[in-house]
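Student: I should like to examine how the terms applied to a structure follow from their definitions. May we go through them in turn?

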Amino acid sequence: MQQSAITFQPVHKLRELVARRQPGHSLEAPFYNSQEVFEADLKYIFQRHWIYVAVAAEIPEPGDYVTVEIGKEPILILRDDDMQIKAFHNVCRHRGSRLCADEKGSVGNLVCPYHQWTYNLAGKLIFADHMPEGFDLTHHSLKPVHLKNLEGLLFVCLADEPPADIDQMLEQMGPYIAPHQIENTKVAAQIDIIEAGNWKLTMENNRECYHCTGNHPELTISLYAYSYGFAPKAELAAGLANYENIVKDSHARWEACGLPSAEIEKLSDVSGFRTMRMPLDRKGQSQTMDTGAACKKLLGDIKDADSGGLSFWTQPNSWHHFMADHIVTFTVLPLSPDTTLVRTKWLVHKDAVEGVDYDVANLTRVWNATNGQDRHLVEESQVGVNSSAYRPGPYSPYTEELVEKFTSWYIGRMEAGLEQG
Amino acid sequence: MQQSAITFQPVHKLRELVARRQPGHSLEAPFYNSQEVFEADLKYIFQRHWIYVAVAAEIPEPGDYVTVEIGKEPILILRDDDMQIKAFHNVCRHRGSRLCADEKGSVGNLVCPYHQWTYNLAGKLIFADHMPEGFDLTHHSLKPVHLKNLEGLLFVCLADEPPADIDQMLEQMGPYIAPHQIENTKVAAQIDIIEAGNWKLTMENNRECYHCTGNHPELTISLYAYSYGFAPKAELAAGLANYENIVKDSHARWEACGLPSAEIEKLSDVSGFRTMRMPLDRKGQSQTMDTGAACKKLLGDIKDADSGGLSFWTQPNSWHHFMADHIVTFTVLPLSPDTTLVRTKWLVHKDAVEGVDYDVANLTRVWNATNGQDRHLVEESQVGVNSSAYRPGPYSPYTEELVEKFTSWYIGRMEAGLEQG
Amino acid sequence: MQQSAITFQPVHKLRELVARRQPGHSLEAPFYNSQEVFEADLKYIFQRHWIYVAVAAEIPEPGDYVTVEIGKEPILILRDDDMQIKAFHNVCRHRGSRLCADEKGSVGNLVCPYHQWTYNLAGKLIFADHMPEGFDLTHHSLKPVHLKNLEGLLFVCLADEPPADIDQMLEQMGPYIAPHQIENTKVAAQIDIIEAGNWKLTMENNRECYHCTGNHPELTISLYAYSYGFAPKAELAAGLANYENIVKDSHARWEACGLPSAEIEKLSDVSGFRTMRMPLDRKGQSQTMDTGAACKKLLGDIKDADSGGLSFWTQPNSWHHFMADHIVTFTVLPLSPDTTLVRTKWLVHKDAVEGVDYDVANLTRVWNATNGQDRHLVEESQVGVNSSAYRPGPYSPYTEELVEKFTSWYIGRMEAGLEQG
């Protein structure tokens with residue numbers, strides 16, 4: 001795969017495409033399959049917004065690091081000697097070698113494998129052999145990347161001036177996430193899948209559950225059908241009223257336990273997000289096959305396994321489900337116009353013992369199956385939108401309003417990016 | 001693989017390439033290896049002409065369907081409740097998902113796997129959940145694709161106004177093909193191969209047997225060498241006269257049995273084609289290793305296994321061999337500038353019993369071997385034409401005149417397409 | 001993979017890139033990852049310079065041939081009936097098929113597999129069936145490729161007018177290489193690896209040993225650390241003086257045996273090269289794990305296994321190590337902007353018997369391991385230079401001066417090519 005810095009860029013064509021987007025409808029085909037739009041997506045969306053990439057629990061000790069690639073940008077996230085989490089471009093200042101090739105690891109200093117240029121955990125170059133008199137180590141520090149830590153969820157931004165409204169998200173979301181104490185968790189399982197589809201098809205799929213009944217037999221065990229949205233029908237009124245009562249009662253109970261539950265919807269912010277704690281069906285404890293807790297040891301100070309599921313969605317590329325017993329967290333990373341990485345991590349209490357407190361197969365069964373089903377849906381959508389017969393179709397105002405909020409956010413951010421240049 | 005609707009298209013360069021083509025010679029290299037020409041081939045050739053894709057025998061009952069992709073265009077061909085065969089773009093009108101992912105299947109209605117939008121076999125949308133008041137189902141029918149049924153050979157055309165001369169082909173070819181009764185056959189075997197070469201190299205290879213003696217030991221068992229064409233040489237005169245007598249006698253005998261046999265050559269028509277029934281060598285019954293029938297049960301009302309082979313070639317992408325006992329039918333579909341799908345189907349009488357009336361290994365041996373040999377020739381040609389040293393070379397006027405008729409047809413259709421825009 | 005002859009070529013962008021190159025620093029990212037620069041590299045570097053491709057020992061008899069591809073150019077190198085080595089484009093003049101698909105072989109005449117057009121070993125067309133009266137065989141000879149034989153090292157040039165200074169290289173290098181008598185060797189082993197990196201990263205890696213201490217435990221057994229270059233430090237003075245004495249004594253001894261040893265450095269010539277015979281450490285005989293000879297039968301008339309290692313580097317794509325017992329020879333061939341073929345051959349005396357005189361695993365261990373380590377370094381560099389954070393970094397003036405000589409040669413040749421057009 002190559003990156004081309006000197007390719008002809010038909011920006012005016014992209015402006016036209018963005019300008020003529022029809023609200024309430026899926027996007028025109030080039031948004032899903034052209035190389036030019038893909039490069040613009042990386043430039044205007046993934047390099048200028050806060051991108052969720054990892055959790056603090058993966059790097060508990062000084063020198064622990066994780067790496068990630070956003071587009072072609074290799075990034076290193078580490079915990080320094082002061083227990084602060086920092087992010088750097090994972091690129092040596094000598095001849096550009098990637099510093100850390102592994103996805104996770106632990107180091108004292110960062111030693112480039114090529115010629116042993118050595119950086120401390122603050123990113124300062126502290127050793128470079130064979131360089132001449134007057135070579136200034138201080139001019140060759142690692143290039144930093146902006147990082148924000150939302151109670152253990154790590155977001156990075158590649159822009160020089162990242163969107164400032166991330167601070168409102170941190171402030172508003174902090175109380176929701178804090179009780180789950182991510183710093184006291186560990187990653188019990190991680191599964192990466194590559195979907196043969198554009199990343200926006202992956203995101204649109206995530207932003208609605210219209211498709212759930214027909215496609216997700218495992219996931220829908222624990223989800224109330226009423227939570228998906230639906231067209232108003234007289235015969236559903238009684239069921240809906242019942243569900244709304246369950247939500248009201250649950251919210252009151254959870255809030256009393258220190259678990260904020262009310263919906264916040266800021267999907268149109270630059271650093272857009274939405275959250276809500278929702279009741280789960282049947283046993284109501286967890287997104288498992290029997291809806292019971294997958295881990296005996298509950299998270300943080302949570303006492304009651306029956307705490308529903310706190311969902312948290314961010315623009316442009318993540319979603320998360322926090323339950324009393326475990327957390328499932330997803331990040332979506334574009335690889336090419338029609339391939340996308342979906343990385344899923346399951347977190348449990350750091351002291352939980354595998355085989356005693358939890359079983360990995362049980363913990364991962366629902367979302368592993370669901371991810372596979374969604375992959376198929378995304379891939380079939382990619383085949384279809386490549387057709388010359390494809391035209392943007394209408395979103396349901398009842399079950400796809402959050403898809404519209406993703407798509408219109410995307411279009412707005414592309415407009416802003418094109419204006420800014 | 002991505003499709004780019006906003007890519008810079010150097011149409012004037014293509015016009016120049018087309019205009020300077022030297023008749024009687026193979027094409028210049030960009031015709032075989034450039035992305036731009038490939039996209040033009042899809043646009044001007046494969047989206048504007050009648051493309052052979054399947055046989056009616058594959059979908060005998062209402063609700064039976066086959067799917068195919070022409071370039072990036074997923075197409076669905078089905079038999080409706082009135083036993084009519086129809087073709088549609090295989091794309092849901094909601095968010096564009098492919099409707100049917102399998103190559104063959106059977107359904108009552110067409111239910112999109114994504115959100116269960118449901119179409120009847122006439123392509124009408126009959127169900128779409130969660131849509132608002134006033135949503136008009138009738139505005140969201142599947143988009144139809146033109147289809148013609150030539151006695152069981154199915155051709156589709158993606159153009160709004162397909163070439164009208166298909167009707168002459170149907171009229172002229174009908175009597176040749178009808179006696180083999182494709183509707184009373186079944187697909188005994190299908191083999192898809194992907195050749196690492198441009199589709200036009202595959203077609204040029206198909207349009208001559210100059211290469212047969214040196215490359216096709218299995219195929220040449222049943223073929224008379226005199227049927228390939230050759231440079232006139234005095235020492236061949238006696239053999240040729242003998243062959244011409246065999247053809248004359250055979251044609252008289254076959255015509256008397258209701259099997260039209262005379263050559264028709266319309267390769268320069270927009271819907272270009274050629275046909276001829278030719279005697280086979282040795283036992284003379286079939287393209288098998290011993291030239292005897294591969295299936296005991298003969299096709300249609302044919303009584304005599306010794307009925308030679310009716311060949312039928314179409315522009316731009318198919319050829320077919322009809323014998324008394326079986327049919328072999330080929331379709332060529334471009335995948336990229338240098339990869340091409342060749343799909344081969346072997347048909348026998350629908351009541352023939354595998355293991356009793358025919359053996360699949362015996363039935364497929366000759367053309368499976370021949371396809372593999374042709375793949376190698378095409379792939380070696382692709383390597384060579386990529387060289388800067390490659391220059392279009394001369395076709396033999398005796399053994400490659402049908403290659404010239406393919407190539408000049410192609411150039412003419414590209415000119416027409418470029419003019420039309 | 002396709003070649004596009006009608007693609008938009010942003011030559012002015014390339015001129016700017018070349019013009020602003022900062023001496024003493026690695027190249028800007030597009031030189032390592034853009035399709036446009038890759039195509040320019042093939043055009044201006046690989047099609048206009050002398051490219052090392054094979055050794056004469058691979059084709060000892062008339063009719064023996066080897067094939068190679070430089071970019072998209074398939075080339076055939078053969079020994080003719082007069083024992084002369086010739087090179088041709090490996091492309092039939094009929095419809096462009098590659099003539100010889102195998103990497104090595106032996107033929108009487110060159111018969112195209114497609115339609116049996118037949119060329120003699122001088123490249124003259126001597127048979128073409130079915131062609132009309134007046135077809136002139138003499139107008140359809142194979143297209144020749146320039147070839148130079150440097151005492152058994154074979155270089156080809158695809159330019160119409162190849163760089164003339166190759167003759168100086170032949171004259172100067174002849175006496176160094178002749179004593180190893182390549183014509184009396186055989187290829188004991190060949191290993192091709194494909195590196196996921198740009199070919200210039202492979203070459204830069206080859207042109208310094210700054211990275212050796214940290215990465216090549218096997219190779220450094222036989223290499224004196226002082227031979228790599230280093231920043232001047234007082235504490236190294238004694239060791240350096242000692243090494244310089246070893247070199248001086250060794251050179252005197254080798255020269256007396258007819259083995260020229262003094263450095264020649266012509267890396268800035270159009271046909272740039274460098275050579276030097278260097279002492280090896282420990283037993284000092286060979287680049288093996290115990291530094292002893294890997295083959296009991298010494299090369300040519302060499303009597304003393306303790307003859308050090310003659311290294312020979314050429315611009316743009318080869319290096320070679322000649323020892324008393326064996327030769328290791330490397331050629332680098334670009335495949336795409338970020339993939340590169342590295343072909344390594346180990347030569348021993350043609351009469352040496354495997355299992356008696358030499359063991360292939362022992363012979364190849366050091367460089368096979370070293371190649372694998374270098375592949376990793378090149379691949380990590382490719383990931384890093386793709387980052388937007390990558391900026392050309394400074395070369396060490398002590399240990400990377402030959403990298404600078406490669407890079408500045410490359411930039412100069414690109415300038416010359418762009419000027420010439």
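The exchange below concerns chain symmetry and aromatic pairs.

Tutor: This is a predicted model, in which local features need pLDDT of at least 70 and side-chain atom pairs count only at pLDDT 80 or more. Residues are numbered from 1 along each chain as its sequence is written, and side-chain values use heavy atoms.

Student: What relates chain B to chain A?

Tutor: With copies superposed by least squares on the C-alpha atoms of residues with pLDDT of at least 70 in both, chain B can be laid on chain A with an RMSD of 0.0 Å by a turn of 120 degrees and a shift of 0.1 Å along the axis. That is therefore the relation of a three-fold axis.

Student: Why is the pair of A:W199 and A:Y410 called edge-to-face?

Tutor: Rings of Phe, Tyr and Trp (its six-membered ring) pair if their centres lie within 6.5 Å; planes under 30 degrees apart count as stacked, over 60 as edge-to-face and the rest as tilted. The centres of A:W199 and A:Y410 are 6.1 Å apart, with 75 degrees between the planes, so the pair is edge-to-face.

Student: What makes the pair of C:Y224 and C:Y243 tilted?

Tutor: Their planes stand at 50 degrees, with 5.3 Å centre to centre, and the pair therefore counts as tilted. Both C:Y224 and C:Y243 are buried (under 20% relative accessible area, 1.4 Å probe, protein chains only).

Student: Which residues form one aromatic cluster with A:W199 and A:Y410?

Tutor: A:F31, A:F46 and A:F406 join them in that cluster. A:W199 and A:Y410 are both buried as well.

Methods:
Chains lettered and ligands numbered in written order. Buried < 20%, exposed > 50% of the residue type's maximum accessible area, 1.4 Å probe, protein only.
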